[in-house]
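Grab a pencil and work through these exercises with the model open. Each task comes with a solution you can follow step by step.

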Amino acid sequence: MNTLKIALLQIAPCGTLEGNLEKGIASCRKAKEMGADIALFPEMWNNGYHIYDRSIEQWTAEAIPADGTFVNAFGALAKELDMAIGITFLEQYEGGPRNSMVLFDRFGERKIAYAKVHTCDFDVERNLTPGEEFYVTTLDTRCGEVKVGAMICYDREFPESARILMLQSAELILVPNACPMEINRLSQLRSRAYENMLAIATCNYPDSVPDCNGGSSVFDGVAYLPELDGSRDMCVLQADGAEGIYLAELDLELLRRYRESEVHGNAFRRPQKYGRLLDTKVEPPFVRHDRRM
């Protein structure tokens with residue numbers, strides 16, 4: 001079985017950049033001991049997504065460069081451990097900070113540098129600079145190559161995010177997160193996996209972190225098997241609220257066979273009918289309220 005092992009680092013921040021660096025490195029080492037091929041952090045790990053209950057000036061001052069010491073430390077660690085690492089951080093960026101993730105491969109090379117496209121503009125994230133694109137890369141792992149893309153937290157609420165990644169051949173989407181993962185948000189992740197026939201791995205903060213509750217998850221995207229009369233549960237991992245490192249196994253061969261034969265994803269799309277999706281003049285039908293995502 002061609003099994004990819006994904007470690008979700010559902011860990012609490014320490015309150016300082018130095019503390020988060022030290023704890024992050026130790027957690028990656030533990031993930032490697034558990035046999036992980038990929039280790040994924042929760043959203044904005046360098047400051048623990050601590051952007052609430054403080055002034056804008058305080059938390060934006062914690063932005064760090066994408067090619068600085070903190071991020072590069074995880075590139076060096078990825079090479080040392082022979083394990084891919086998805087590190088998240090508040091990125092120092094011209095025009096305003098970004099909510100970002102860099103994915104290093106097991107050779108320490110940067111494969112994705114992604115900034116959150118759907119920033120939570122109904123709240124303090126309106127002070128962030130949104131990303132411009134969604135990216136997919138070919139990640140060389142112990143069990144072979146896998147096509148990997150990225151979303152961050154609120155991106156999951158837009159079907160277009162996962163859909164455009166699927167259209168770029170993504171087999172796995174990595175999703176750093178920082179919010180309560182309740183039934184509806186988990187259902188969004190399940191839906192994105194189901195409708196695009198791809199795996200989605202989400203890493204959240206534990207319930208010891210304000211406004212978070214753990215619930216890190218992996219949905220493998222395989223809804224039907226020939227030997228089953230009905231559908232199967234795509235959830236291969238669902239963490240509780242406790243702090244810890246949670247390891248999920250993803251059967252890539254099963255996923256690829258499924259994608260070759262099933263009817264979702266790109267099989268029967270009619271993109272010529274979807275032009276209205278690109279109409280920026282359409283008025284939103286709902287009132288926008290301030291709420292945290």
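**Exercise 1.** Find what covers the buried residues of H5, and work out how those residues sit around the axis.

*Solution.* Start with the cover: it includes H4, strand E9 (199–203), strand E10 (217–219), strand E11 (235–238) and helix H6 (252–261). Helices (H or I, at least four residues) and strands (E, at least two) are DSSP runs, numbered from the N terminus. This is a predicted model, where local features need pLDDT of at least 70, side-chain atom pairs count only at pLDDT 80 or more, and totals for chains, interfaces and linings use all residues. Residues are numbered from 1 along each chain as its sequence is written, and side-chain values use heavy atoms, with hydrogens and water left out.

Next, list the buried residues of H5 (buried means under 20% relative accessible area, exposed over 50%, partly exposed in between; 1.4 Å probe, protein chains only): Arg185, Leu186, Gln188, Leu189, Arg192, Ala193 and Asn196. They share one side of H5 because they cover an arc of only 150° around the axis, taken from the directions from the helix axis to the C-beta atoms. Over on the other side of H5, Ile183 and Asn184 are exposed.

**Exercise 2.** Describe how H4 packs on H5, then pick out the residues that make the contact.

*Solution.* Take the geometry to begin with: H4 (residues 159–167) and H5 (residues 183–196) pack at about 35°, with axes 10 Å apart. Axes are lines fitted to C-alpha atoms, for helices over the stretch in contact, and angles run from 0 to 180 degrees between N-to-C directions. Then the contact (heavy atoms within 4.5 Å): H4 brings Pro159, Ala162, Arg163 and Met166, while H5 brings Arg192, Glu195 and Asn196.
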